[in-house]
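User: I'd like to learn how to read a model like this one, feature by feature. Could you walk me through it?

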Amino acid sequence: MARVLSLFRSQPFLHLVARRKPTFCKMSMDTRAREVFAAAVEAVQPDTVVCQSIERKEDSVVIDGRTFTLKHNLHLVGFGKAVLGMAAEAERIVGDHLVKGVISVPHGIQQTLQQHGKDHLLLKENSRIKVIEGAKHNLPDTDAQKAAEEIKHLASELTEKDLLLVLISGGGSALLPAPIPPITLQEKLDVTRRLAGAGATIQELNTIRRALSLLKGGGLAHHAHPAQVVALILSDVIGDPIDIIASGPTVMSQVWPEEVLSILERYKLLNLLPTSVKEVLDKPNSRWKEHKEESDTSGHVLNAVIGSNGVALKRAGLCARELGFLPVVLSPSVCGDVQSVSRLYGLLARFACSREEPPPDIATEVLKLGPEVGVESWDLCRTMQVLEKGRTEGWGATCLLAGGEPTVELTGKGRGGRNQELAMRVGLELRSLGLPPKGPVFLSGGTDGQDGPTEAAGAITDGGLYDEAKAQGLDIDNFLINNDSYTFFSRLSGGQRLLVPGLTCTNVMDVHMLLIPAIPIIIR
């Protein structure tokens, strides 16, 4: 392992982790973990990210380094779970030049925000922005389709003198359904559901959605041409691919009929397609019937990712440092089965907490797990190098941060989500490493505040989880088999380990956190 890590010791990032004196903090490890998670969520609040991305300068705005002139020529559209708050902040900044706006947001969101005292994320009574609620249960419906039609109509009336501000966040795809006639919304839903049920990838699903949609895959930007389009995007997708977030309505993408047919044939759905879908796929250039002047619209579109898991982790790291930890970000792209992910965190914890030189097979297994959990070998080596340096030089406590969206293989019918199950499994991995404050603490939480169909965002765990559960008559293995992590944590010590932040109004996937105390080392 020493030989592997020595390859990276000359890299310039090491000055960031020079030896320092540990900061004293009276908070418990559990409390500090919750504070760091709260900081991560706060960094990606919809109003916060919009405020930080729009710089107002008299009658112009600067967005992502580009300046746009305002002459009462601004129009606004948006779709997504966090878009209401984004729109409220955008109108506060540039509302004096706003002509009209239409946003598509989740059913009941305005009432929910009012009930939770989130009035700052609501539009004012005299707002020029029309709000349409739809997509009940996160599924496209007639209300969402009506909103999509109004958004398309607004965009289609713009001229080269206009500026269209597009606000996009997670859930935007379901809130912007616009099937190409004569395809009905139900027919489009049936095709995508069958594909998903057959095991199609997210890339394949998006290819089909774009092929059957007027607005996805750059359709919105097409209808807005020749107006200038600026899209502000709050990403809920690993890697922040702008063509996949909400199916990329402002990202021009070519749809190849051969590719579409190949996907449908791969999953044996060609013979099951409705007549309307076959009709659309058989027509060349059928996505956009209203042909505007043929031109490359890419120069008229600016796509800016203004909030993401990476942004949340950066703020979490700053908070961790203030609370006495050395922050180390592993990756914002952790994915794969929770069993593999929990194994990775368990190995990294053992590596960091070893009082002697850790066995080389730990590093070997960590690097082997990398491809399974979406983490590059370089990031694993860099992280282990920092952990090794902290262990051998005794510089104090460390906060390992990561994010992403692992998956759970459903084997039961219990209540819970990926974050709570990951916390359970990591707790088992930490069993031999001691109790806080001398042993590590792990937190996993969804930034949207909801982990599966529960009120919890996730949970906090440590090496005492197994014995604590056993003492209370709770069989962890049975709860895991039944995917019943929420019930387990609710019963365990009165639910004290649950992470329940309430309504967060945002979503940039999950935050994982491993707090590693200062380890007294044995020098031989």
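User: Let's start with a strand. Which residues of E8 sit on one side and which on the other?

Analyst: Gln228, Val230, Leu232 and Leu234 are on one side of E8, with Val229, Ala231 and Ile233 on the other. Both faces are covered, and all of these residues are buried. Buried here means under 20% relative accessible area, exposed is over 50%, and partly exposed is in between (1.4 Å probe, protein chains only). The general idea: in a regular strand the side chains alternate between the two faces of the sheet. With seven of its seven residues buried, E8 is largely enclosed by the rest of the structure.

User: Before we go on, what kind of model is this, and how is it numbered?

Analyst: This is a predicted model, numbered from 1 along each chain as its sequence is written. Local features need pLDDT of at least 70, side-chain atom pairs count only at pLDDT 80 or more, totals for chains, interfaces and linings use all residues, and side-chain values use heavy atoms, leaving out hydrogens and water. As for labels, helices (H or I, at least four residues) and strands (E, at least two) are DSSP runs, numbered from the N terminus.

User: Which strands pair with E8?

Analyst: Two strands count as paired if DSSP finds at least two bridges between them. E7 (residues 163-168) runs parallel to E8, joined by six bridges, and leucine 167 stands opposite leucine 232 in E8. E8 (residues 228-234) also pairs with E9 in the parallel sense, again over six bridges. In that pairing, valine 230 has leucine 302 of E9 as its bridge partner, while leucine 234 stands opposite glycine 307. Five of the seven residues of E9 (residues 301-307) are buried, so that strand too is largely enclosed by the rest of the structure.

User: How do I read a helix that packs inside? What does H3 pack against?

Analyst: Look for its buried residues, then see what they touch. In H3 the buried ones are Pro46, Asp47, Thr48, Val49, Val50 and Ser53. That is six of the eight residues of the helix (residues 46-53), so H3 is largely enclosed by the rest of the structure. Those buried residues pack against helix H2 (29-43), strand E1 (54-57), E2, helix H4 (83-94), E8 and E9. Contact here means heavy atoms within 4.5 Å.

User: And an open sheet: which strands stand at the edges?

Analyst: Start with the strand order. One open sheet of six strands runs E10-E11-E15-E12-E13-E14, with mixed pairing. E10 (326-334) and E14 (498-499) stand at the edges with a single partner strand each, so one side of each is left without a neighbour in the sheet. Within this sheet, E12 (residues 441-446) and E15 (residues 510-516) run antiparallel, joined by six bridges. Phenylalanine 442 stands opposite leucine 514 in E15.

User: How is the protein divided into domains, and how much area is buried between them?

Analyst: The bounds come from an automatic or database domain assignment. It gives domain 1 (46-307) and domain 2 (326-516), with C-alpha centres 35 Å apart. At the interface, 14 residues of domain 1 are in contact with 11 residues of domain 2. Buried area is the accessible area (1.4 Å probe) that two parts lose on being put together, summed over both. Here that comes to about 930 Å², with carbon and sulfur atoms giving 70%.

User: What about charged pairs? How many salt bridges are found?

Analyst: Side chains of opposite charge can pair when their charged atoms come close. The rule asks for a side-chain nitrogen of Lys or Arg within 4 Å of a carboxyl oxygen of Asp or Glu. A search of the whole structure finds 17 salt bridges, with zero across the interface of domain 1 and domain 2.
One of them joins arginine 266 and glutamate 204 (2.5 Å, N to O). Arginine 266 lies in H10 (residues 257-266) and glutamate 204 in H8 (residues 202-211), so the pair ties together parts that are 62 residues apart in sequence. Glutamate 204 counts as buried at 12% relative accessibility, whereas arginine 266, at 45%, counts as partly exposed.

User: Where does the pair of arginine 382 and aspartate 379 lie?

Analyst: In helix H15 (residues 377-393), three residues apart, so about one helical turn separates them. The closest N and O atoms of that salt bridge are 3.1 Å apart, and both arginine 382 and aspartate 379 are buried. Salt bridges can also link up: Arg343, Arg350, Glu365 and Glu429 form a network.
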